[in-house]
Amino acid sequence: MAIKSTIFKAHLQIADIDHGYYADHALTLARHPSETDERMMVRLAALAIHAHDLNDICNGDATLAFGAGLSDPDDPDASLTDFTGRKRVWIEVGQPEDKPLTKACSKADSVVVYCFNHAAEVWWKGIENKLSRLEKLQVWRIPTEASQALAALAERSMQLQATIQEGALTLSSNLGSVVVEPVRWK
């Protein structure tokens with residue numbers, strides 16, 4: 001019998017000082033049995049970083065949500081979809097292959113990858129040339145120490161505060177606080 005996903009609930013208060021975006025989001029994350037807390041929390045951090053796109057790109061007329069993640073490789077880990085069904089921002093977490101990223105670039109206005117573990121540099125060196133022609137693609141590196149620290153904030157029911165200032169995300173809960181400073185690779 002297949003193991004089912006574990007459901008996590010997060011109440012996320014976002015104060016994005018860089019973009020003037022302040023909002024509360026009630027989120028549901030389905031963590032696939034093979035997904036780690038670290039990867040799940042990087043998905044949540046990526047969504048927080050892009051929450052301002054709701055207003056900046058779509059004037060509030062869109063849905064910012066998690067995709068099926070590891071359960072469906074053709075679905076983004078998170079996305080911003082306008083009310084016409086058009087994917088405005090497609091977010092991937094981890095070290096995806098070049099072909100799915102090329103496909104995502106044909107389906108969305110913008111594709112953003114957040115790689116995060118100790119092997120990210122090796123992955124990037126092997127795939128950088130294949131991705132250089134994709135104009136819609138951005139690749140960001142979450143430092144390993146930060147992604148591992150994010151995992152410590154994971155709870156089945158989370159109350160989180162996200163503050164974004166000068167390009168850095170501070171994610172806080174009653175369990176502690178983690179500063180994430182993504183580095184842009186592409």
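Which residue forms a salt bridge with Arg 39, and how far apart are the closest N and O atoms? In this predicted model, the partner turns out to be Glu 35, and the closest N and O atoms of the pair sit 2.9 Å apart. Neither residue is out in the open: Arg 39 is buried, with a relative accessible area of 12%, and Glu 35 counts as buried too, at 5% relative accessibility. The cut-off behind both labels is a relative accessible area under 20%. The story does not stop with two residues, either. Glu 35 and Arg 39 belong to a network of salt bridges that also takes in Arg 43 and Asp 77.

Before going further into the details, it helps to step back to the whole chain. Its secondary structure comes to five helices and eleven strands. The radius of gyration is 16 Å, close to the 16 Å that the globule rule gives for 186 residues, so the chain is as compact as a globular protein of that length. Taken along the principal axes, the box filled by the C-alpha atoms is roughly 40 × 40 × 40 Å. Of the 186 residues, 47% count as buried. The accessible surface comes to about 9,200 Å², and carbon and sulfur atoms account for 50% of that. As for how the chain meets itself, take the contacts between residues at least 6 apart in sequence: 53% of these join residues at least 24 apart.

Back to the charged pairs. The count of salt bridges comes to eight, and two more of them are worth a look. One is between Arg 88 and Asp 82, with the closest N and O atoms 3.4 Å apart. Here again both ends are tucked away: Arg 88 is buried at a relative accessible area of 17%, and Asp 82 counts as buried at 11%. The other brings together Asp 109 and Arg 86, whose closest N and O atoms are 2.6 Å apart. This pair links distant parts of the chain, 23 residues apart, with Asp 109 in strand 6 (residues 108–115) and Arg 86 in the loop between strand 4 (78–82) and strand 5 (87–93). Asp 109 counts as partly exposed at 30% relative accessibility, and so does Arg 86 at 42%.

Strand 6 comes up again with helix 4 (residues 120–131). The buried residues of this helix are Ala 120, Trp 123, Trp 124, Ile 127 and Leu 131. They cover an arc of only 100 degrees around the axis, which puts them on the same side of helix 4. The spacing fits a general pattern: an α-helix has 3.6 residues a turn, so residues three or four places apart point the same way. What do the buried residues of helix 4 pack against? Their partners are helix 3 (98–107), strand 6 and strand 7 (137–141). On the other side of helix 4, Val 122, Lys 125, Gly 126 and Asn 129 are exposed.

Finally, a small polar spot further along the chain. Ser 172 is found in strand 9 (residues 168–173) and is buried, with a relative accessible area of 18%. Its side chain is joined to that of Ser 177 by a polar contact of 3.1 Å. Setting aside neighbours within four places in sequence, Ser 172 is in contact with Gln 159, Leu 160 and Gln 161 as well as Ser 177.

Notes
Residues are numbered from 1 along each chain as its sequence is written. This is a predicted model: local features need pLDDT of at least 70, side-chain atom pairs count only at pLDDT 80 or more; totals for chains, interfaces and linings use all residues. Side-chain values use heavy atoms; hydrogens and water are left out. Helices (H or I, at least four residues) and strands (E, at least two) are DSSP runs, numbered from the N terminus. Buried means under 20% relative accessible area, exposed over 50%, partly exposed in between (1.4 Å probe, protein chains only). A polar contact is a pair of N or O atoms within 3.5 Å; within protein, one must be able to donate a hydrogen and the other to accept it, and residues adjacent in sequence count only if both atoms are side-chain atoms. Contact means heavy atoms within 4.5 Å. A salt bridge is a side-chain nitrogen of Lys or Arg within 4 Å of a carboxyl oxygen of Asp or Glu. The radius of gyration is taken over C-alpha atoms; the globule rule is 2.2 Å times the number of residues to the power 0.38. Accessible areas come from the Shrake-Rupley method with a 1.4 Å probe; for residues, only the protein chains shown count as cover. The arc is that of the directions from the helix axis to the C-beta atoms.
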